[in-house]
Amino acid sequence: MKAFEAAKGVIAERFPDCDASLLAGSVVRGEATSTSDLDIVIFDSEVTSSFRESFYAGQWPVEVFVHNWSSYRVFFDSDCERGQPSMPRMVAEGHVLKWDDRLEAVKHEAADLLKKGPPPWSKETLLLKRYFLTDALDDFVGCTERGEALFIAAKLAEQTSEFYLRANGQWSGSSKWIARSLRNYDAAFAERLIQCFVHFYKSGEKKGVVELVDEVLNPYGGRFFEGFSIGKSKRR
């Protein structure tokens, strides 16, 4: 309730002439932490192009995402293309701060996109992702310097998660949304992946991570190196 009232205050003070607005993010999902901010999506017919702005309202950090009634679609499309539906999720889950009848159609559009899922990877994209995941795994296996291995492991965890989700037709994410997306789709796999990397970070033991990544790759042909090519033109 405090978050909702604070967000309504932001609209009244800074965007009183907007058409519609939504409060989204962790505060409406019941997942707020001590550092959570207010994510507010705003629709305004007078705005010529979308923009994002951050500021404080009292003790609340606030991020606003301002769109007109057509510019938001650019973000819907780009989010869906990369498989990380940040804007559709905010609009679909958002709690109404200020209503406009046009908002109903936009919320339905967002919910339909989330339900539909991301566009499937093409065969070419799957090969490309296999190659780069193989490359990260080989770097991880061969690395003998502890500091370098920590950074490679972080990259490997993200790439493995993305590959597992997208190859199975699921939405991915970035940062905390990687873990959330994994748990939403396959909680057992998510926990196993997390524990494998936690064990590596604590002990330096790589076996569990390597076995897990290989298991993710195996249904799609396993590690891929020989025969990979990108940007090669045919000789005349």
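**Exercise 1. In which sense do strand 1 and strand 5 pair, and over how many bridges?**

*Solution.* Start with strand 5, residues 95-98: strand 1 pairs with strand 5 in the antiparallel sense, over three bridges. Here strands (E, at least two residues) and helices (H or I, at least four) are DSSP runs numbered from the N terminus, and two strands pair if DSSP finds at least two bridges between them. Next, look at one bridge: S21 has K98 of strand 5 as its partner. Then turn to strand 2 (residues 38-43), which pairs with strand 1 in the antiparallel sense over five bridges. There, L22 is bridged to V41.

A note on the model: it is predicted, so local features need pLDDT of at least 70 and side-chain atom pairs count only at pLDDT 80 or more, while totals for chains, interfaces and linings use all residues. Residues are numbered from 1 along each chain as its sequence is written, and side-chain values use heavy atoms, with hydrogens and water left out.

**Exercise 2. Are the faces of strand 1 covered or open?**

*Solution.* Take one side: A20, L22 and A24 are buried. On the other side, S21 and L23 are buried too. Buried means under 20% relative accessible area, exposed over 50%, and partly exposed in between (1.4 Å probe, protein chains only). Five of the five residues in strand 1, residues 20-24, are thus buried.

**Exercise 3. Which residues of helix 9 are buried, and what do they pack against?**

*Solution.* First, list the buried ones: F189, A190, L193, C196, F197 and F200. Seen down the helix 9 axis, the buried residues fall within an arc of 130 degrees (taken from the directions from the axis to the C-beta atoms), so they line one face of the helix. A188 and K202, on the other side, are exposed. Finally, find the neighbours: the buried residues pack against helix 6 (123-142), helix 7 (146-167), helix 8 (176-185) and helix 10 (207-217). Contact means heavy atoms within 4.5 Å.

**Exercise 4. At what angle do the axes of helix 7 and helix 9 cross?**

*Solution.* The two axes come within 11 Å and cross at roughly 175 degrees. Axes are lines fitted to C-alpha atoms, for helices over the stretch in contact, and angles run from 0 to 180 degrees between N-to-C directions. That makes helix 7 roughly antiparallel to helix 9, a label for angles over 145 degrees. Among the residues that meet, helix 7 offers L150 and Y164, and helix 9 offers F189 and Y201.

Terms used. Angles under 35 degrees count as roughly parallel, over 145 as roughly antiparallel, 65 to 115 as roughly perpendicular and the rest as oblique.
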